[in-house]
Each structure stands twice: as structure tokens, then as C-alpha cells.
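Reader: Hello! Could you take me through one part of this model in some detail, with the cut-offs spelled out as you go?

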Amino acid sequence: MPDGQFDIDVSDGQGGVKTYRTVKLLSNIGADALQGRGTRVWLVNPLSRIGRPDPNTKYVLKDCWIDSDRTSEGRLMESVLETAAPNLKVPLERILLHTVNHGRVYAGKVEDHTHH
């Protein structure tokens with residue numbers, strides 16, 4: 001893997017993991033502050049089961065720290081769409097970002113967080 005690229009595993013919280021390889025950093029403005037979420041935004045390719053990146057499929061991956069007692073942004077987006085009135089569902093799906101995958105980052109088999 002070339003220098004400056006990372007493989008980021010995203011767990012779905014149910015035992016499944018999807019791996020994405022960074023293509024380039026789109027923004028690290030949230031990572032510059034001494035206090036905050038350390039947010040970085042990456043252009044990524046999903047990896048196949050054998051570890052090869054799919055160059056024809058690109059996603060944007062938001063990598064940030066969240067408090068252990070907060071609901072994830074991905075879960076909030078799901079909730080908004082699930083609870084939307086029927087007449088709002090289609091307009092919301094058109095204007096909101098589409099979440100392909102969301103979850104917590106794991107370091108090995110342990111959830112990586114700031115609580116401990």
C-alpha cells in the first residue's frame with residue numbers, strides 16, 4: 001500500500017466489518033483543534049473480501065471521535081428517515097447524504113473510544 005494510505009475498518013455493531021482504503025484526504029479541518037472531535041473526511045474505495053480496492057467505487061468516509069453516550073450520526077440519519085411522515089420520506093431521501101455504512105472503529109477486537 002502506498003505511503004499516506006490507510007485501511008479503515010468500520011464495524012456494523014453486529015459482528016460485520018467493512019474495510020475502506022483511503023484514496024486522499026478531503027478535509028482535516030476538524031482535526032486541527034486541540035479540543036473537538038478530530039474529524040477527518042476521506043475519499044475511499046471499498047475493499048473486496050480478498051483485500052483489493054474497487055477503483056470504480058468511491059465513497060466519502062467521515063472519521064471522528066464521538067462521546068461514548070451519544071448516538072452516532074449514521075444512526076440519527078436512519079432514525080430521521082424511519083420516522084419521517086410518508087409525504088416527507090422521498091424529499092428527505094433526495095436531499096440527505098446516503099449512508100452506505102456506519103459504525104464504531106475497533107482497534108483489533110476492542111471498540112476504540114475515549115471513555116477508558
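Author: Gladly; here is a close look at strand 3 and the salt bridges around its neighbours. This is a predicted model, where local features need pLDDT of at least 70, side-chain atom pairs count only at pLDDT 80 or more, and totals for chains, interfaces and linings use all residues. Residues are numbered from 1 along each chain as its sequence is written, and side-chain values use heavy atoms, with hydrogens and water left out.

Strand 3 covers residues 39–46; strands (E, at least two residues) and helices (H or I, at least four) are DSSP runs, numbered from the N terminus. Six of its eight residues are buried, so strand 3 is largely enclosed by the rest of the structure. Here buried means under 20% relative accessible area, exposed over 50%, and partly exposed in between (1.4 Å probe, protein chains only).

Strands pair if DSSP finds at least two bridges between them. Strand 2 (residues 17–30) runs antiparallel to strand 3, joined by seven bridges, and Arg21 stands opposite Asn45. Strand 4 (residues 59–63) is also antiparallel to strand 3, through five bridges, with Val60 as the partner of Leu43.

Arg21, buried at 15% relative accessibility, also forms a salt bridge with Asp7, with the closest N and O atoms 2.6 Å apart. A salt bridge is a side-chain nitrogen of Lys or Arg within 4 Å of a carboxyl oxygen of Asp or Glu. In strand 4, Lys62 meets Glu73 in another salt bridge, at 2.5 Å from N to O. Glu73 belongs to helix 1 (residues 73–83), eleven residues from Lys62.
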